Amino acid sequence: MTDWTIRLAQPGDADHWPAIERAAGTLFSGDPDLADLDFDETWEPDELRALIRKGHCLSASLGQRPIGFLASQPFSRELHVWEMSVHPDGQRLGIGSALMRACLVDAHNSGFKAVTLTTFRDLAWNGPFYAALGFEEVTALDAHPRLSAELALEADNGLPPERRCAMIRFLD
């Protein structure tokens with residue numbers, strides 16, 4: 001099925017995104033390193049609307065049904081992806097790749113020099129997925145304090161630091 005579309009997000013989309021994030025989070029539920037995490041804890045719609053107002057978030061629909069999203073925020077010359085989630089019903093259809101590619105095009109056209117994110121380096125639908133899209137792991141975190149601080153905050157919130165990484169995709 002290819003009856004899906006991607007568009008710039010609108011404020012009302014934020015009401016659907018926590019359920020998509022929660023459903024996508026079930027992929028992590030069998031991971032023993034994440035047993036103590038609350039997968040019902042998601043972005044709040046008001047937080048998402050604030051990101052949407054910045055103009056770089058994307059929404060995906062399968063037919064008329066909201067099925068995925070990419071929430072991002074500008075930081076100087078970089079666009080940071082806070083969350084990309086696709087509901088399990090829409091996975092393996094190319095929606096995640098299309099969301100990220102659209103994000104990269106938007107970032108380039110908006111004059112950003114790079115797109116950044118943090119992710120699991122070892123899960124196929126995380127680190128290797130982003131690497132296939134041209135992202136590289138940031139190994140010199142002292143040269144990128146914002147990403148270093150984000151990884152430290154994630155560790156404080158219970159994510160296993162040895163499995164997390166920051167990634168960057170420089171834009172031409």
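Visitor: What makes you say that Leu 58, Ala 60 and Leu 62 point one way from β2 and Ser 59 and Ser 61 the other way?

Guide: In a regular strand the side chains alternate between the two faces of the sheet. In this predicted model, that split is found in β2, and all five named residues are buried (under 20% relative accessible area with a 1.4 Å probe, protein chains only; exposed is over 50%, partly exposed in between). Local features need pLDDT of at least 70 and side-chain atom pairs 80 or more, while totals for chains, interfaces and linings use all residues. Residues are numbered from 1 along each chain as its sequence is written, and side-chain values use heavy atoms, leaving out hydrogens and water.

Visitor: Why is strand β2 called largely enclosed?

Guide: Five of its five residues, 58-62, are buried, so the rest of the structure largely encloses β2. Strands here are DSSP runs of E with at least two residues, and helices are runs of H or I with at least four, numbered from the N terminus.

Visitor: How do you know that β1 and β2 pair?

Guide: Pairing takes at least two DSSP bridges; five join β1 (residues 4-8) to β2, so these antiparallel strands qualify. Ile 6 stands opposite Ala 60 there. β2 and β3 (residues 65-75) are also antiparallel, over five bridges, with Ser 61 opposite Pro 66.

Visitor: What does Phe 135 touch?

Guide: Among its contacts (heavy atoms within 4.5 Å) are Met 100, Val 115 and Tyr 130, not counting residues up to four places away in sequence.
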